[in-house]
Structures are given as structure tokens and as C-alpha cells.
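Biologist: I would like to learn how to read a structure of this kind with some care, taking one feature after another. Could you walk me through it?

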Amino acid sequence: MKNTMHHRRGMLLLLVLSVLTLFLMMGATLLVVATRARTASRGFMAAANSQEGASPIPRAMLDEALLLLIRGSKETAVQAILTESLLKDMYASDNNKVPFREEPFDAAREDSVSGVRFDPYLTELEEDGSVHHAAFHAAEFDPESGDAVDNDADGVMDGMMLKDVLPKIMGAGGGELSFRVSYLVVDLDGRINVNAHGGGGNPVGPASLSGSAIDAFADNRWTVIQDGGTPTDPAGSNDLRVPPVLGQDIAGRGGSAYAIRLDREAQRPGTLTGAAGQNPFTLGELERVLRPFDRDWSALPPRLAAILTDLDNSARRMVTTDSWDVPYRVGAAAPTGAGVNPEPRFDLSSFAVDDKENFANALYTNLTTKGDPAKMPAADGVTAQWCANVAEFRDPTSGATAVTIGATPYTGAKPSVLGGAGGDWANGITNSGDLFGIPKGTEADIAAIIAENPPVTPLISLAVDHPAILEAVGMPSPFTASLAQDDTREPGRVNANTCSGDVWNALTGPDGPVQPTQLMRNVGEIIMASAFTGAGGFVAPDVRALDRTLANRFAAAATVRSNVFAIWITLEVTDGASTAGSPTCHRLFAIVDRSIPVDYVEGENKNVSETIRLKRFLN
């Protein structure tokens with residue numbers, strides 16, 4: 001009996017070892033399969049990225065076509081066709097303005113219907129994805145034209161073939177190779193930024209924007225982007241969709257949406273949960289969303305595309321992972337070298353609140369001696385008095401303090417002079433948009449206007465007279481603490497001139513004003529057009545009619561500039577050799593960020609390739 005029991009114990013041990021061996025073999029098999037799948041995927045990507053075959057000519061010409069778009073050409077004939085480049089637009093204006101040229105204003109570059117100016121290189125897209133103007137094509141776009149091109153392979157014509165942009169060269173067969181090129185240049189700064197937007201708005205800024213009300217993010221997709229899970233189960237957990245931005249403290253990521261690292265120095269996720277608990281969506285993930293019609297699409301990172309499930313291509317036109325603004329002072333000198341930036345805006349929070357005299361003098365100096373004199377206020381008593389008022393509105397709870405500006409003393413007006421509205425200023429100036437709510441004049445002047453019955457004279461801010469003030473002064477972006485070396489750029493700002501109606505609604509809130517149709521040349525003009533809810537019988541925007549909440553949302557999250565662009569280029573190669581076949585076409589996709597400072601000389605490469613964040617050869 002004892003021998004039988006001993007035999008059974010040995011069989012049980014053998015059975016356990018056999019099962020463990022089976023599990024080990026299954027794990028090894030799965031590892032081999034996963035490794036081979038990864039190798040095959042990388043091989044597929046490499047093959048898809050080298051479709052030009054042995055000849056380096058198409059790649060070289062596509063590279064040159066991209067560089068022409070970025071830094072322009074020294075050839076007069078090419079300049080007549082490619083009338084502007086991304087960096088010329090930013091660096092080389094007549095008055096050395098940044099970040100884009102606007103004077104002298106060219107009416108031919110302004111859309112006759114919307115009134116919004118589009119740069120020659122930029123493709124003007126309608127909200128349904130159709131094209132109104134093609135890049136470098138002045139006339140209204142005709143998709144039936146024989147020279148029309150579908151650069152991004154989505155079935156919609158979006159560009160025009162241009163000849164004489166690239167030089168002719170001798171081909172291997174003895175014939176002359178000639179080239180035509182077409183551009184599709186899409187602005188990415190007028191979109192919802194899935195890394196910077198959403199997750200809370202304290203303080204007000206880009207994170208105050210939410211895509212939840214946008215039709216393209218229906219079916220819980222925005223919830224998935226922000227909170228994880230899956231499109232069918234937003235509350236569930238899915239490590240592949242750990243969100244980059246959260247308003248609550250989950251898994252140690254912190255309670256502030258602005259703590260996420262979005263600058264170039266930030267670590268990119270090497271694991272599913274990302275470095276330091278952060279997991280921002282990458283340009284590679286955006287690439288899969290932007291070009292779902294190419295055959296290498298399935299080899300691109302799937303996370304963002306899987307969340308969006310963009311069956312109607314609406315989200316493809318709404319989202320980005322990168323959007324950067326360069327908040328330089330109006331009229332400041334352009335960057336002259338890599339890492340050299342123009343003078344930043346005056347920081348309204350750079351002085352202690354009770355340091356009124358130094359603050360008022362610094363503000364006065366910045367408004368009257370720096371920037372474009374045609375747009376900034378004059379060095380006079382009106383400006384000095386307003387600067388004293390701004391100093392008092394920053395410190396609404398203390399008594400008024402006389403400050404000397406130049407050799408003249410000025411006593412600023414307190415918010416209390418506005419009567420009941422003065423209580424709204426208990427926390428002082430919360431953002432630069434508040435400047436539109438601070439009136440000109442002495443306290444006696446303001447009180448006399450308020451006492452008018454019926455009201456006749458409006459209470460006007462100096463910022464209403466000179467809306468470019470908001471380009472010269474400001475407050476640090478809420479992201480500043482997490483930007484490291486990129487603190488001269490601000491992520492997440494939305495270009496109010498190029499954004500769609502849906503994105504505008506996310507910027508202003510669902511009950512915000514209608515999107516202006518005229519061109520906005522600075523954020524101050526956006527506030528002028530949108531944040532005054534109505535002035536009754538007043539003859540001009542009155543500080544008492546200002547929607548301060550909306551003005552501060554614009555000041556913190558809106559811009560009139562674009563710096564990040566998705567670019568498709570189609571190259572047609574015609575071989576003049578007698579034995580050559582039909583013309584061949586080759587394509588390139590790139591994402592360019594011109595907010596990265598570089599050495600710019602028109603037609604010279606120098607280090608301008610540093611603005612190229614991503615590049616793929618397609619076919």
C-alpha cells in the first residue's frame with residue numbers, strides 16, 4: 001500500500017512539470033511570433049519607404065522641392081513661381097516682423113468671401129475637406145483641370161502641377177529628365193491638440209479647450225483620448241490608451257494638465273505607460289491619422305488612429321499632436337541664428353504686485369520704446385496714466401499709490417471706480433486679456449463718464465486703441481514650467497484665423513461668439529471682435545461690456561500664427577530618352593515646425609533641415 005501511494009506522488013509531480021513545460025513552450029512560441037511580426041513590419045516600412053528603387057534622383061528632387069518650400073530659392077525664375085517660403089514668411093519681412101509678414105497687405109492674398117488671408121504656400125481647405133485655393137496657385141482651384149493633383153491620395157484633388165521649379169538634368173538613358181511638382185500644405189495649428197487641450201483649465205489656457213463638443217469626437221472618442229479605455233468602453237482600462245493629459249491624479253501623473261512635457265527635450269514613451277508616467281501622443285501616431293490612404297498605413301503606430309476610428313475623415317481634419325506659437329513682440333528683430341530669439345513680450349507678472357512704480361515704468365517703457373511705433377501707443381500722458389491704472393488694477397485691495405513716470409507723478413485709478421463691476425477685480429489681473437477691461441483716464445475722468453445719465457461716452461481701454469499691445473505684453477504660458485529649453489515657444493495655442501467652426505467653438509465655449517469672418521492680425525483684434533458682448537448705445541467697445549472670461553481665454557489659448565505644417569509633395573518625372581516610358585510619379589510626406597529657430601538665408605540650406613520633424617518617401 002505504501003509503495004502504491006509513493007508511485008502516485010511521482011505521477012503528480014511529473015504532471016505538474018509537464019504542464020509547466022507546456023506553458024514555457026507556448027510563451028516561447030508567442031515571443032518568436034511577435035518578434036517575427038515586428039521584423040516583418042519594419043521590413044515592410046523600409047520597403048515602402050524606398051519605392052524609388054536604385055535611382056536616387058527622385059528622392060533628391062523631392063528633398064529639394066521640400067527645401068524650396070522651407071527656405072526658398074536664389075533663382076529669380078523659381079521665386080516667380082514659389083513666391084514665398086515658410087521661413088521667408090517668418091524671418092524676412094520688409095520691417096523684420098515675426099512671425100509672419102503682413103505689410104504691405106496684399107488684397108490678392110485675402111479670400112473675397114471670408115476675408116481671411118492665406119499665405120501663397122498654404123492650401124485653403126473648406127470644412128468638408130475640399131480645396132478652395134491650392135498652394136502657389138492664385139486662381140480659384142479647379143479640380144477638373146488637367147494639372148490638378150491628389151497629393152495625399154484621399155480621392156480629392158488638392159494641388160496643381162508646377163513646372164520650372166526644379167532644374168532639368170541628364171538621365172541615365174541619355175535623355176533629359178524634366179520635373180513637375182505639386183504641393184499640399186496643411187496648417188496644423190488651427191486644430192485640437194490631443195496633448196495640450198482638455199484635462200482642466202486652472203489657470204486658464206490651452207487645457208481649457210475641450211474636443212468633447214466636436215462632432216468628429218462623438219461616440220466617446222474624446223473621453224477615450226482623455227481618460228483611457230476603449231471607444232466602446234471609455235471607463236475601462238487599456239494600457240495602449242493611457243491618456244497623456246488628465247485633470248485628476250491617476251497613476252502618479254499629477255493633478256495638473258500643464259505638468260505634461262511637450263517640448264523637444266521631453267522623453268518620449270519607451271513603454272506603454274511612458275516616461276515619468278506621461279505618455280504623449282507622438283508625430284508618428286498623428287502621421288497614421290493624417291495619411292490613412294497609403295499602403296504603409298498599417299505599419300504606423302496605431303494608438304491615436306484606433307481611438308479616433310475616423311471613418312468619415314472628419315477627425316483627420318481636426319486633430320494634431322503638435323502646435324506651437326512663437327509669442328514675439330510686434331516689430332521685434334527676427335531671430336538671426338539657431339537658438340537666438342528676439343526679445344520676448346513684457347511679462348505682466350514679472351514684478352511684485354505692490355511694486356507699482358517699477359511696474360508702471362517698465363510697462364510704459366515697453367509700450368512706447370519697443371515694438372512697431374505705428375501700432376503701439378505714444379509716449380504721452382494718456383499712456384502713462386493708463387500704465388498707472390494697470391498697476392492699481394493688479395493690486396485692487398490696497399490704497400492708490402502715486403507713481404512717477406518720467407518726471408510726472410500719476411495716481412492710478414482703482415477698480416472700485418467702476419462701481420459694482422469693481423468687485424470682479426478682487427483677484428487683480430489674471431491674464432493679459434484683462435487689459436481690455438482697464439479704462440484710460442484718471443479716476444475723476446472715469447467717475448464722470450460713469451455718472452452720465454443717459455450714458456454717452458464709452459469707457460475705453462488703451463488696448464482697444466492699440467490691440468497690438470497684447471502682442472507686446474503677456475503672461476507666461478501655463479506650460480512654461482514643463483517646457484525646459486523651449487520656453488520661448490508656447491504649445492497648444494489655436495490659430496483663430498485658420499481653425500474650423502467646430503474648433504472655434506471649443507476655443508470659446510459652446511455659447512461663445514460666432515467666429516469672425518475678417519482677418520485678425522493679433523489676439524487683441526480677436527478680443528475686439530468677439531469678447532465685447534454688446535455696448536448698447538456706446539460708440540466704441542466699453543470696458544463695462546467686456547466678457548473678461550472670454551477675453552482671457554483668447555489671450556491664453558488663441559493666436560493668429562501658424563508654425564507647424566503637414567506637407568505632401570508629388571513629383572512627376574518625365575524622361576526624354578527615346579526608350580523611356582510614361583512619366584512616373586513619386587511622393588513625399590513631411591511635418592515641418594518653423595517655430596524651431598534656425599539660421600535663415602534665402603536659398604541656402606545652413607541648418608534649416610532642423611525644422612523638419614518627420615519625413616517619409618511614399619509610393
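Biologist: Which residues touch the most other members of the largest nonpolar core?

Modeller: Keep in mind from the outset that this is a predicted model. The general idea is that in soluble globular proteins nonpolar side chains tend to be buried together. Here the largest nonpolar core holds 102 residues, and those that touch the most other members are Phe217, Leu363, Leu435, Val473, Ile527, Phe554 and Ile591. Helix H9, residues 381-394, gives this core its largest share, 7 residues. Apart from it lies another core, of 39 residues, with Leu66, Met90, Val573 and Val598 among them.

Biologist: What is Leu363 in contact with, once its neighbours within four places in sequence are left aside?

Modeller: With that restriction, Leu363 is in contact with Phe346, Leu348, Cys387, Val390 and Val473. Leu363 also appears among the buried residues of helix H8, together with Lys356, Phe359, Ala360, Ala362, Tyr364, Asn366 and Leu367.

Biologist: What covers the buried residues of H8?

Modeller: The cover includes S11, H9, strand S12 (402-405), helix H12 (469-472) and strand S14 (473-474). As for the helix itself, H8 runs over residues 356-369, and its 14 residues should span 20 Å at 1.5 Å a residue, which agrees with the 20 Å between its end C-alpha atoms. H8 is followed by Gly371, whose phi is positive, near 95 degrees.

Biologist: How does helix H2 read by the same approach, and which of its residues are buried?

Modeller: H2, residues 57-71, has 15 residues and reaches 21 Å from its first C-alpha to its last, close to the 21 Å expected at 1.5 Å a residue. Its buried residues are Pro58, Met61, Leu62, Ala65, Leu66, Leu67, Leu68, Leu69, Ile70 and Arg71. Just after H2, Gly72 takes a positive phi of about 80 degrees.

Biologist: Turning to the rings, how many aromatic pairs are there, and what is the geometry of Tyr121 and Phe565?

Modeller: The count comes to 11 aromatic pairs. For a pair, one reads the distance between the ring centres and the angle between the planes, and planes over 60 degrees apart count as edge-to-face. The ring centres of Tyr121 and Phe565 are 5.9 Å apart with their planes at 85 degrees, so this pair is edge-to-face. Tyr121 lies in the loop between helix H4 (86-91) and strand S1 (124-125), while Phe565 is in strand S18 (residues 564-575), so the pair ties together parts that are 444 residues apart in sequence. Both Tyr121 and Phe565 are buried.

Biologist: Why is the pair of Phe217 and Trp222 classed as tilted?

Modeller: The centres of these two rings are 5.5 Å apart and their planes stand at 45 degrees, so the pair of Phe217 and Trp222 is tilted. Phe217 counts as buried at 2% relative accessibility, and Trp222 counts as buried at 6%. Elsewhere, Phe346, Phe351 and Phe359 form one aromatic cluster.

Biologist: Where do charged ends sit over rings?

Modeller: The charged end of Arg394 sits over the ring of Phe359, 4.1 Å from its centre. Another case is Arg548, whose charged end sits over the ring of Trp425 at 3.6 Å from the centre.

Biologist: Is Asp347 buried or partly exposed, and what does it touch?

Modeller: Asp347, which has its place in strand S11 (residues 346-347), is partly exposed, with a relative accessible area of 24%. Not counting residues up to four places away in sequence, Asp347 touches Gly474, Met475 and Pro476. The C-alpha atoms of Asp347 and Gly474 are separated by 5.4 Å, although these residues are 127 residues apart along the chain.

Biologist: How should I read Val289, and which residues is it in contact with?

Modeller: Val289 is found in helix H6, residues 283-290, and at 5% relative accessibility Val289 counts as buried. Leaving aside its neighbours within four places in sequence, Val289 is in contact with Leu304, Ala305, Leu308, Arg316 and Val319. Between Val289 and Leu304 there are 7.3 Å in space, C-alpha to C-alpha, and the two are 15 residues apart in sequence.

Biologist: What are the totals for the protein chain?

Modeller: Its secondary structure comes to 15 helices and 20 strands, and buried residues make up 51% of its 619 residues. Of the contacts in the protein chain with a separation of 6 or more, 65% are accounted for by residues 24 or more positions apart.

Definitions and conventions. Residues are numbered from 1 along each chain as its sequence is written. This is a predicted model: local features need pLDDT of at least 70, side-chain atom pairs count only at pLDDT 80 or more; totals for chains, interfaces and linings use all residues. Side-chain values use heavy atoms; hydrogens and water are left out. A nonpolar core is a set of buried Ala, Val, Leu, Ile, Met, Phe, Trp, Tyr and Cys residues joined through side-chain atoms within 4.5 Å. Buried means under 20% relative accessible area, exposed over 50%, partly exposed in between (1.4 Å probe, protein chains only). Helices (H or I, at least four residues) and strands (E, at least two) are DSSP runs, numbered from the N terminus. Contact means heavy atoms within 4.5 Å. Rings of Phe, Tyr and Trp (its six-membered ring) pair if their centres lie within 6.5 Å; planes under 30 degrees apart count as stacked, over 60 as edge-to-face and the rest as tilted. A charge sits over a ring if NZ of Lys or CZ of Arg is within 6 Å of the ring centre and within 35 degrees of the ring normal. The expected span of a helix is 1.5 Å times one less than its number of residues.
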